[in-house]
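Me: Please take a close look at one part of this structure, the place where two chains come together, and explain it carefully for someone in the first year of study.

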Amino acid sequence: MSAVGVIFSNIHDENIPELSHLRTMGSLPFGGRYRLIDFALSNLVNSGVTTVGIITKNNYQSLMDHLGSGKDWDLARKTGGLILLPPFGARDGEGLYKNRLEALKGITGFLNRRNEEYVILCDCDGVYRMDLSEVIDFHEEKQADITLVCHNEEIANSRNYTTVKSDESGRVTDLKINETVRGSDKFYSNIMVIGRKFLLALIDDAVVHGYKSFREDILLRRTKTLKIYAYDFAGYHATIDSLSSYFTHNMELLEKPVRDELFGARDIYTKVRDSAPSKYGDDSAVKNSLISDGCIVEGTVENSILFRGVKVGKGTVVRNSIVMQDTVIGDNVSLNCVITDKNVVIRDRRVLSGCEVQPYFLAKGTMI
Amino acid sequence: MQRKKECVAMLLAGGQGSRLYALTNNIAKPAVPFGAKYRIIDFPLSNCINSGIDTVGVLTQYQPLMLNEYIGNGQPWDLDRNFGGVHILSPYQKKSKSAWYEGTANAIYQNLNFIKMYNPEYVLILSGDHIYKMDYSKMLKAHIDTNADCTIAAIEVPLKEASRFGILNTNPDGSIYEFEEKPKQPKSTLASMGVYIFTAEKLYKYLEEDENDPESSKDFGKNVLPAMLNAGERMFAYKFEGYWKDVGTISSLWEANMDLLDEQPAFDVADASWKIHSRNPLAPPEYLGEKADVKNSMIALGCEIYGSVENSVLSSNVVIEEGAVVKDSVIMSGTRVRSGATVNYSIIDEDVVVGEKAVIGEDKTIAKGIAVLGRNICVGAGASVAAGNIVDKDIKEGEEA
């Protein structure tokens, strides 16, 4: 397929300040052993894309650690492969990019050197499994300038997202931002297909006109004049727009249909850590939970997700919780609706509880 | 300057492993799965890289496809190198006299040119059928310190088992004065582990001589080592202390798997200071359902457990349906145990389907042996496999085997 992938790893960092304080949205842990960028990357790779540029801004150490050379996604290539695009310190001293347009301006060199026909732009706020080659086919069939992937979802934080109206042919008739939407609506999934040369022309044009926002100054302002099409994605798509939706969508993985759709084909790739298989002790009781490798479970775990290398002590009860990598939970602890970031230590006999809409959050490395 | 490696490892992985019966019908013994996510060959390969040895020749002959695929370019073990790395060495056609590998010594002899490419000072010979963690660099240091021509790793074994091994009789300084292959009346309990370090020039010399001896059976233990000893070469035993288990039989493979389940296992695969590297399965975390009941077990990624699992080791992507009971068993990846089925004291190979209400094996306390189901077979609903039986063909609904 003649398309190059571009992933914005930072663009929704403000969605979950608790978790992205120390990392990019792309390196946010999800689903026991994944990071959010794994979904965008795996979908691109599985759709036949062999070159992916990753735009970073700040706090991207964890992202680089996760991605390495890209070999776990088959992207350690002589030709193309994984290309990290850190902020390009502009010589006019403008510093870090402030919006998507400036970020794109910073990678025009990368885009110019490619020779693929199309660019697929993805953010890291979605959990989905999608064949993007079908979006390219749709784009070609419609002879579109821009194709926006859209899906129906209820997004609490809808003001940060874009609602889409399209006619029967799929042509976008209206785009709205900053709208408070109650219930489900058709949202732009932050996945776009666009001609590479056309994108470069749009960026040049935006620079000379002093445009600030890709969404407002290009998509909204030119909805009528550009051929913008909406590709309706009917599969599972979860938008991670807040700590609460992060919690909800993680918990949805406990439902078999969701798990089967995302992971049934066993083609969502992630960094390999060579952890040992998980061990369950004589007194363990684990119900309706996802457990990653390297865990040692001696207590009770219900309706929860344990990331790699988590230890659950004897007599401990973990319910409705998300426990991230290498967290150690002592004996006779009780957790309910808790999210622990990586490397948290919870000492014996602690009792912690949040609720579904407001899970109790423990920051990375906390000892309690 | 010619580039060289101090030490090259040669891993003998061509054996059939006939005592594993159905488990090695289609794969070589070193490719047999072990410990929920590993294959036997992961242990010597991890030992090599953890000991700083980055050049490994893997000699294959019997059913090498799975092993070749698994090892690939060696990247999972950090053995993808510009100079060195892991290489599969299969028998090849020569200008005159092409031959299969006959015996361990001949296998190495046929690949002397591979070893010589790296111009090593020492050659480490390994076998691919043991589970252990060993720092070969310490053994190499001992080899250098004693100025030995050949060093043999050795472990103390119980007296009653000693006659199954090659026994080393040593002087107080560790030098070997006698080598007895499977003695009826062993004089010592120091058994050879089949791990040798040779000073390269000596290895070349004695392999050449052995090759030219028409009487020789071309085996290290039977021919090469005794010949060296008779010629008065400096041969030393290197005592290894730690877990070392042969997994060449059904029962020892089962036991070694069960050893992993101890609360403080004598052999800990989770030890961060000696990581066991492997090719990782591509799978989501394992899911344990509402009615799952898992006790004292090891479970790998991608499993879905809805039934009961006790004292068992389950590899990746195994499905245990609701109402199924698995006890004291080893189940390899991709196998499905359907609802109501019972699996007791068994080893089940990869991609097997155990039908509804089928009964495999018997309770360990009364069973006369371990039941074994070979790769990719289907056991029909209500069928049964008796304890101790080894099955490598489909079993129809309701049948007994």
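Me: Which residue in β14(B) is the bridge partner of A:Leu290?

Reply: In β14(B), that partner is B:Tyr287. Before going further, note that this is a predicted model, in which local features need pLDDT of at least 70 and side-chain atom pairs count only at pLDDT 80 or more, while totals for chains, interfaces and linings use all residues. Residues are numbered from 1 along each chain as its sequence is written, chains are lettered from A and ligands numbered from 1 in the order in which they are written, and side-chain values use heavy atoms, with hydrogens and water left out.

The bridge belongs to a pairing across the two chains: strand β16 (residues 289-291) of chain A runs antiparallel to β14(B), and three bridges join them. Here strands are DSSP runs of E with at least two residues, helices are runs of H or I with at least four, both numbered from the N terminus, and two strands pair if DSSP finds at least two bridges between them. Strands of a sheet pair through backbone hydrogen bonds, either parallel or antiparallel.

B:Tyr287 also matters to the wider interface, where chain B contributes 42 residues and chain A contributes 38 residues to the contact, contact meaning heavy atoms within 4.5 Å. B:Tyr287, B:Leu282 and B:Pro285 are the residues of chain B that lose the most area to chain A, together 20% of what that side buries. The two chains bury about 3000 Å² between them, 47% of it on carbon and sulfur atoms; buried area is the accessible area (1.4 Å probe) lost when two parts are put together, summed over both.

Charged and polar groups meet here as well. The rule finds three salt bridges across the interface, a salt bridge being a side-chain nitrogen of Lys or Arg within 4 Å of a carboxyl oxygen of Asp or Glu. In one salt bridge, the side chains of B:Glu263 and A:Lys314 meet at 2.9 Å, N to O. On the side of chain B that touches chain A, β14 (286-288), β15 (293-295) and β16 (297-299) of chain B each supply at least two residues. The residues of that side comprise 23 nonpolar, 10 polar and nine charged, where Ala, Val, Leu, Ile, Met, Phe, Trp, Tyr, Cys and Pro count as nonpolar, Asp, Glu, Lys and Arg as charged, and the others, Gly among them, as polar.

A sheet also spans both chains: it is open, has 11 strands with mixed pairing, and follows the order β26(A)-β23(A)-β20(A)-β17(A)-β14(A)-β16(B)-β19(B)-β22(B)-β25(B)-β28(B)-β31(B). At its edges stand β26 (345-346) of chain A and β31 (390-391) of chain B, each with a single partner strand, so one side of each has no neighbour in the sheet. Within chain B, β16(B) runs parallel to strand β19 (residues 313-314), joined by two bridges, and B:Ile299 has B:Leu314 in β19(B) as its bridge partner.
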